[in-house]
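Student: I am new to this structure and would like a close look at how one pair of its helices packs together. Could you walk me through that part and then show me what surrounds it?

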Amino acid sequence: MRQLLYKDFRLTAHPIMYAFGGLTAMLLIPSYPYYVVFFYACLGIFFTFINGREARDVDYTALLPVRKRDVVSARCVMMVLVQIAYVALSVPFALLNRHFNPTGNQAGIEANAAFFGLSFLMMGIFNQIFLAEFYRDAYRAGRAFVLACAAISAFMLLCETSVHAIPWIKSHLDNFDMAHLPLRLGILGAGIALYSGLTLWGKNIASRRFERAEL
């Protein structure tokens with residue numbers, strides 16, 4: 001597993017996946033749909049899968065004395081590490097956001113704990129759909145990305161519009177009020193749990209499909 005993960009980061013990872021990490025600074029933009037920051041995390045991962053496909057990484061890996069299930073697990077771990085790194089990079093910018101945007105985010109939810117919980121959920125949805133679809137044959141990355149993007153785009157639209165349409169969400173989640181901090185932290189915890197569950201679910205489906213795939 002460790003060697004497969006090393007291969008993925010050194011040979012397969014596309015440089016743009018790392019470069020997009022700088023876009024976490026977009027959390028400093030006043031009145032902006034901040035979920036876009038983590039969309040770029042998913043986009044960078046997609047470029048890595050494309051890069052692997054074009055470099056015939058699947059064919060190369062199939063020749064190694066490793067199980068197909070381990071190949072999927074290593075790629076899944078890479079995805080999770082990249083996404084967690086994006087979250088870690090974005091936290092300082094989220095803390096600075098209140099100074100750059102003192103009037104609040106008019107475009108959507110504030111960059112608070114609830115936002116990060118929902119962002120984890122969004123990335124979990126992406127992982128589940130993308131992994132399960134891509135490893136049908138380990139080649140159709142474009143189809144997997146389109147399906148996953150359609151799902152997370154609908155999720156982002158729902159989250160951002162609900163902030164304006166539902167007063168309870170505006171008053172309890174879309175602010176930094178300390179009275180509602182336990183609720184926002186609860187959403188963060190739930191988001192992390194759902195992210196873990198969805199990613200694991202996607203990995204398990206992907207492993208079964210990849211083991212049956214004809215390479």
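Tutor: Happy to! Let's begin with helix H6 (residues 113-134) and helix H7 (residues 141-165), whose axes come within 8 Å and cross at roughly 155°. An angle over 145 degrees counts as roughly antiparallel, and H6 and H7 are therefore roughly antiparallel to each other. Their crossing is right-handed.

Now look at the residues that make this contact. From H6 come Leu118, Leu121, Met122, Ile125, Phe126, Ile129, Phe130, Glu133 and Phe134. From H7 come Ala141, Arg143, Ala144, Phe145, Leu147, Ala148, Ala151, Ile152, Phe155, Met156 and Cys159. Sorted by class, the contact of H6 with H7 has 18 nonpolar residues, 2 charged ones and no polar ones.

Keep in mind that this is a predicted model. The mean pLDDT of the protein is 91, and 99% of its residues reach 70 or more. Among the elements, H6 has the highest mean pLDDT, 96, while helix H4 (residues 57-62) has the lowest, 78.

Next, let's follow H7 to another partner. The axes of H3 and H7 come within 11 Å and cross at roughly 175°, so H3 and H7 are also roughly antiparallel to each other. On the H3 side, the contact is made by Val36, Phe39, Cys42, Leu43, Phe46, Phe49, Ile50 and Arg53. On the H7 side, the residues are Ala141, Gly142, Phe145, Cys149, Ile152 and Met156. By class, the contact of H3 with H7 has 12 nonpolar residues, 1 polar and 1 charged. Some H7 residues appear in both lists: Ala141, Phe145, Ile152 and Met156 touch H6 and also touch H3.

H6 has other partners to explore too. One of its residues, Phe115, pairs with Tyr35: the ring centres are 5.2 Å apart and the planes are at 55°, so the pair is tilted. Tyr35 sits in the loop between helix H2 (15-19) and helix H3 (36-54), and Phe115 is in helix H6, so this pair links distant parts of the chain, 80 residues apart. The count for the model comes to 21 aromatic pairs.

Another visitor to H6 is Ile187, which lies in helix H9 (residues 181-212). Leaving aside its neighbours within four places in sequence, Ile187 is in contact with Ala114, Gly117, Leu118 and Leu173. Leu118 is thus a meeting point: Leu118 belongs to the contact of H6 with H7 and also touches Ile187. The C-alpha atoms of Ile187 and Arg10, 177 residues apart along the chain, are separated by 35 Å.

For contrast, turn to helix H1 (residues 2-12) and helix H5 (residues 68-100), whose axes come within 8 Å and cross at roughly 60°. That angle makes H1 oblique to H5. H1 passes H5 in a right-handed crossing. Here Leu4, Leu5, Lys7, Asp8, Phe9 and Thr12 in H1 meet Asp70, Val71, Ala74, Arg75, Val77, Met78, Leu81 and Val82 in H5. This contact has 9 nonpolar residues, 1 polar and 4 charged.

Notes: Residues numbered from 1 in each chain as written. Predicted model: local features only at pLDDT ≥ 70, side-chain atom pairs only at ≥ 80, totals over all residues. Heavy atoms only, no water. Axes fitted to C-alpha atoms, helices over the stretch in contact; angles between N-to-C directions. Helix = DSSP H or I, 4+ residues; strand = E, 2+ residues; numbered from the N terminus. Parallel < 35°, antiparallel > 145°, perpendicular 65-115°, else oblique. Left-handed = near helix turned anticlockwise from the far one by under 90°. Contact = heavy atoms within 4.5 Å. Nonpolar A, V, L, I, M, F, W, Y, C, P; charged D, E, K, R; others polar. pLDDT = per-residue confidence, 0-100. Phe/Tyr/Trp six-rings, centres within 6.5 Å; stacked < 30°, edge-to-face > 60°.
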